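This report goes through one chain, from a single helix to the overall build. The sequence and structure follow.

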Amino acid sequence: MLTAFISRVLRRVAQKSARRVLVASRNSSNDATFEIEKCDLHLLEEGPPVTTVLTRAEGLKYYRMMLTVRRMELKADQLYKQKFIRGFCHLCDGQEACCVGLEAGINPSDHLITSYRAHGMCYTRGLSVRSILTELTGRRGGCAKGKGGSMHMYTKNFYGGNGIVGAQGPLGAGIALACKYKGNNEICLTLYGDGAANQGQIAEAFNMAALWKLPCVFICENNLYAMGTSAERAAASTDYYKRGNFIPGLKVDGMDVLCVREATKFAADYCRSGKGPILMELQTYRYHGHSMSDPGVSYRTRDEIQEVRSKRDPIMILQDRMVNSKLATVEELKEIGTEVKKEIDDAAQFATSDPEPCLEELGHHVYSSDSSFEVRGANPWIKFKSVS
C-alpha cells in the first residue's frame with residue numbers, strides 16, 4: 001500500500017516537475033520564473049503563490065548550499081564507518097531542500113530549533129562545515145568544543161539539535177513567547193519529524209501557542225518513516241498539516257527548494273502579522289536510514305530509494321531548472337562541485353587531526369556568562385573548574 005502511494009506521488013510530481021522546468025520563462029539574463037507545486041491548505045483561504053522568480057545569484061547560492069549539505073553528510077557517513085565519529089548520528093541527505101528553503105524564507109535574526117537530524121540546519125544557520133564535522137568527531141574545534149556531538153550543536157539563533165523526540169516542540173513555543181514578549185517582530189521555526197508528531201507534548205505546544213497567539217511556525221518534516229515504521233502504520237491520520245486542528249496548515253513539496261522558500265515566506269508573514277501560529281508539513285525523503293545503525297532497507301526497498309533519487313532529488317531539480325532556463329551552465333555547476341568537494345575534504349582532514357578536549361575542560365561552559373565555579377566530577381573528591 002505504501003509503495004503504491006509513493007509511486008503515485010512520484011509519478012504525479014515528476015510530471016509536474018518536468019513541466020515546471022520546461023515552462024520556465026526567461027525574464028532577463030539574470031532571473032527566470034517557475035511554476036511551483038500548489039500547497040494543500042487547512043483553515044486558510046489563500047496560500048503561497050504558485051509561481052516564483054529565481055535569480056541567478058539565488059540559484060547558485062541554493063545549489064552550493066544543498067550540494068555542501070549533501071557531501072557533508074556523505075563524508076559524515078564515511079567518518080562514522082571509519083570510527084572517527086561514534087555514538088548517535090542521524091543524516092539528512094535527501095532533505096536538503098528543507099533546510100536551504102527554510103533559511104531562504106526567514107531573516108537571520110529569526111530563530112530555529114529542530115530535532116537530532118540537525119546537520120543541514122546547522123550549516124544553513126551559519127556554522128561552517130569544519131566546525132560541524134569537527135564536532136561530530138568530538139574535537140576541540142567543534143561548534144560545541146567537542147562536547148555536544150551530532151545531536152547537540154548550537155549557534156546564534158539556533159537552539160539545536162535536541163536528542164529527546166519531540167522535546168523541541170515546547171521549547172520552540174517558549175522561544176516564540178520570548179519573541180512576542182520582546183516585541184521584536186521575530187519568529188521561531190520549530191521543526192519535528194512525522195514520528196514526533198504523535199507525541200503529546202507537540203499537541204500541548206500547539207494549544208499554548210494558539211491560546212497566546214505566539215509567532216511560531218511548527219514544521220513537520222515528513223520523510224515518510226519514523227525510525228523503521230512507515231507513517232501509514234504509525235499514524236491514524238497522515239495529514240500532519242491538519243494536526244494543529246485549530247491552527248492553520250500547509251502541505252508543502254519538501255523536495256523543491258523554491259516551494260519550501262515561498263511557503264516559508266508565507267508562514268513567516270502570517271506569524272509576523274500577529275495572527276498566531278501556523279503549521280507546515282514538508283513532504284520529503286531521507287536517503288540514509290533513521291540513523292547510522294539503521295541500514296534503511298529492511299522496511300523499504302532499494303528500488304524505492306533509487307526511484308526518489310532519480311525522479312525527485314532536490315539538487316537535480318534545481319540543477320535542471322537552472323540549466324534549462326540558462327541561469328547557469330553545466331560547467332559552472334561542475335566547478336561549484338569541485339570547490340565543495342575540496343571544502344569538505346579539508347574540513348574532514350581538520351576534523352580527524354584536531355586534538356580532543358582535555359579532561360580539565362569537562363566542566364567548562366555550563367553557563368554562557370558567569371564567574372568561575374567548581375563542578376563536581378564522577379565522585380565528590382573530583383572537582384572541575386567551570387569557566388564561561
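## Helix α5 and its cover

In this predicted model, the buried residues of α5 are V129, S131, I132, L133, T134, E135 and L136. Helix α5 spans residues 129–136, and 7 of its 8 residues are buried, so the rest of the structure largely encloses it.

What lies over these buried residues? The cover includes α2 (56–81), α4 (119–124) and α12 (330–353). Just after α5 comes G138, where phi is positive, at about 70°.

## Helix α3

Helix α3 covers residues 96–104. It is mostly covered, with 8 of its 9 residues buried. These are E96, A97, C98, C99, V100, G101, L102 and E103. Charged residues appear in both buried sets: E135 in α5, and E96 and E103 in α3.

## Positive phi outside glycine

Most residues other than glycine have a negative phi. K213 has a positive phi of about 50° and is not a glycine. This lysine sits in the loop between α7 (200–211) and β7 (216–222). K213 counts as partly exposed because its relative accessibility is 46%, which falls between the 20% and 50% cut-offs.

L224 also has a positive phi, near 80°, and is a residue other than glycine. Its loop runs between β7 and β8 (225–226). Is L224 buried or exposed? L224 is buried, because its relative accessible area is 13%, and the cut-off for buried is under 20%. Strand β7 thus borders both loops: the K213 loop lies between α7 and β7, and the L224 loop between β7 and β8.

## G174 in helix α6

G174 belongs to helix α6, which spans residues 168–182. This glycine is partly exposed, at 35% relative accessible area. How far is G174 from A231? Their C-alpha atoms are separated by 28 Å. Along the chain the two are 57 residues apart.

## Fold and dimensions

The chain has 12 helices and 13 strands. Its radius of gyration is 21 Å, close to the 21 Å that the globule rule gives for 388 residues, so the chain is as compact as a globular protein of that length. Along the principal axes, the C-alpha atoms fill a box of roughly 70 × 50 × 45 Å.

Of the contacts with a separation of 6 or more, 71% join residues 24 or more positions apart. Buried residues make up 53% of the 388 in the chain.

## Surface and charge

The accessible surface of the chain is about 17,600 Å². Carbon and sulfur atoms account for 53% of that area.

The chain carries 50 positive and 44 negative charges. How far apart are the mean positions of the two sets? The distance is 1 Å.

## Domains

The domain assignment gives two parts. Domain 1 takes in 37–227 + 237–357. Domain 2 is 360–387. Taken over C-alpha atoms, the centres of domain 1 and domain 2 are 34 Å apart.

Which residue counts describe the contact between them? On the domain 1 side, 4 residues are in contact with 4 residues of domain 2.

Terms used
Residues are numbered from 1 along each chain as its sequence is written. This is a predicted model: local features need pLDDT of at least 70, side-chain atom pairs count only at pLDDT 80 or more; totals for chains, interfaces and linings use all residues. Side-chain values use heavy atoms; hydrogens and water are left out. Helices (H or I, at least four residues) and strands (E, at least two) are DSSP runs, numbered from the N terminus. The radius of gyration is taken over C-alpha atoms; the globule rule is 2.2 Å times the number of residues to the power 0.38. Buried means under 20% relative accessible area, exposed over 50%, partly exposed in between (1.4 Å probe, protein chains only). Contact means heavy atoms within 4.5 Å. Accessible areas come from the Shrake-Rupley method with a 1.4 Å probe; for residues, only the protein chains shown count as cover. The place of a charge is taken as NZ of Lys, CZ of Arg, CG of Asp or CD of Glu. Domain bounds come from an automatic or database domain assignment.
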